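Work through the exercises below, which concern charged side chains and their exposure, and compare each solution with your own reading of the coordinates.

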Amino acid sequence: MHYTYNSPLSVAFIASPVKPDGWTGWGINLNGIGMAGAQVILALKSSKGAPEVKTYNIISYGGIREERLSFDVWDLSAETNATSGEFTIYASVKLPEKIESFNHIWQVGAAVNNGKPVKHEFAAENKDAKATLELTTAQKTGKTATTTTPAGGNSTGNGTTSSSNTTATGGWRQ
């Protein structure tokens, strides 16, 4: 994940779906640490094969609803890399005022059925696809960059991500 935070949070999340006709998602959970309760931005291929972005509320581990998110999101778009199959999700997100950190999640899935994402696997890397993003550190230093590895892909960011699989890297991915 690449991001800058100056209010709003500007995000570019990059990951490969499990299979070419799969999906990639990134989200924020302001009320918990896992998938349940998260607000998600998801990229998948439309029926015409072009990438599209949808927003979902993960109401439980058994159900999601396509709906408007509880926070403002704009400049939503997605693109695919024809060579690697990676999706890139772009978004600007208005976070609550004075927020210092938030929990974010990411996931990749193997299939889409009738325009809806099919459940992802529940392997260890899927269950661990979550971290805390510390915005105050990113604002103070402006230099820290970290990488978190989503299930089935990889991502990079500018800021601090707390996770068991975090390593330092640098800059925006081109």
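**Exercise 1.** Does E67 count as buried, partly exposed or exposed, and at what relative accessibility?

*Solution.* The model is a predicted one, in which local features need pLDDT of at least 70 and side-chain atom pairs count only at pLDDT 80 or more, while totals for chains, interfaces and linings use all residues. Residues are numbered from 1 along each chain as its sequence is written, and side-chain values use heavy atoms, with hydrogens and water left out. Buried means under 20% relative accessible area, exposed over 50%, and partly exposed in between (1.4 Å probe, protein chains only). Because its relative accessibility is 28%, E67 counts as partly exposed.

**Exercise 2.** Identify the salt-bridge partner of E67 and classify that partner's exposure.

*Solution.* A salt bridge requires a side-chain nitrogen of Lys or Arg within 4 Å of a carboxyl oxygen of Asp or Glu. The side chain of E67 meets that of R65 at 3.1 Å, N to O. R65, with a relative accessible area of 39%, is partly exposed.

**Exercise 3.** Which residues form the salt bridge with an N to O distance of 4.0 Å, and where do they lie?

*Solution.* The pair consists of K54 and E66. K54 lies in strand β5 (residues 51–60) and E66 in strand β6 (residues 63–66), 12 residues apart, so that distant parts of the chain are linked; strands are DSSP runs (E, at least two residues), numbered from the N terminus. K54 is buried at 14% relative accessibility, whereas E66, at 48%, is partly exposed.
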